[in-house]
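Student: Please take one part of this model and go through it closely. I would like the cut-offs along with the values.

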Amino acid sequence: MPGPRQQEGRGMLFHMIQGGPKPVAPFSHAVEVDGWVFVTGQMPDTPAAPGILPAGIEAQTRNCMANLATVLNGIGLGLEHVAMVRIYLTHFQEDYAAMNAVYRTFWPEGRLPARTCIGTTGLAYDARIEIDMVARRGTA
């Protein structure tokens, strides 16, 4: 995969990953400052099919995590660098358990990031889920 496009300003790097998820709004895929990397919430579509969502929370969770991994990998990081995750669900009661079952498969035993999970009334593309992350260089 080609490297990220970077813009620098005020000690921050603004990353856009070539071939990464298509932004649904004006934002960078990730912003980095002092080794901390703030990854924008990713939707459950794919770079190959922007705006098209799979059915069900399990598939949407997997797509969000794949998009986040694409962004992290594009700047030389991986899920092992993640310190914090925020998850937004539009059908909280209905999807929480199934989302957790899929989410858990991305982390080794004993290495779960801090996390917040929030119920919300709506997301872009009428998605059921959006996930963002905070990572740190040098923590693997």
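Tutor: What follows goes from the whole chain to one strand and one residue in it.

This is a predicted model: local features need pLDDT of at least 70, side-chain atom pairs count only at pLDDT 80 or more, and totals for chains, interfaces and linings use all residues. Residues are numbered from 1 along each chain as its sequence is written, and side-chain values use heavy atoms, with hydrogens and water left out.

Start with the frame. The chain has 2 helices and 7 strands. Both are DSSP runs numbered from the N terminus, with at least four residues for a helix (H or I) and at least two for a strand (E). Their order from the N terminus is β-β-β-β-α-β-α-β-β. The radius of gyration is 14 Å, close to the 14 Å of the globule rule for 140 residues, so the chain is as compact as a globular protein of that length. That radius is taken over C-alpha atoms, and the rule is 2.2 Å times the number of residues to the power 0.38. Along the principal axes, the C-alpha atoms fill a box of roughly 40 × 35 × 25 Å.

Next, burial and contacts. Of the 140 residues, 41% are buried. Buried means under 20% relative accessible area, exposed over 50%, and partly exposed in between (1.4 Å probe, protein chains only). A contact means heavy atoms within 4.5 Å. Among contacts between residues at least 6 apart in sequence, 66% join residues at least 24 apart.

Now the strand itself, E7, which spans residues 129-136. Of its 8 residues, 7 are buried, so E7 is largely enclosed by the rest of the structure. Strands count as paired if DSSP finds at least two bridges between them. E4 (residues 36-42) pairs with E7 in the antiparallel sense over 5 bridges. E5 (residues 82-89) also runs antiparallel to E7, joined by 7 bridges. In the pairing with E5, Val 85 stands opposite Met 133 of E7.

Finally, Ala 135, a residue of E7. Its relative accessibility is 0%, so Ala 135 counts as buried. Its bridge partner is Val 37. Leaving aside neighbours within four places in sequence, Ala 135 is in contact with Gly 35, Trp 36, Val 37, Leu 72, Leu 77, His 81, Val 82 and Ala 83. Ile 87 lies 48 residues from Ala 135 in sequence and 15 Å away in space, C-alpha to C-alpha.
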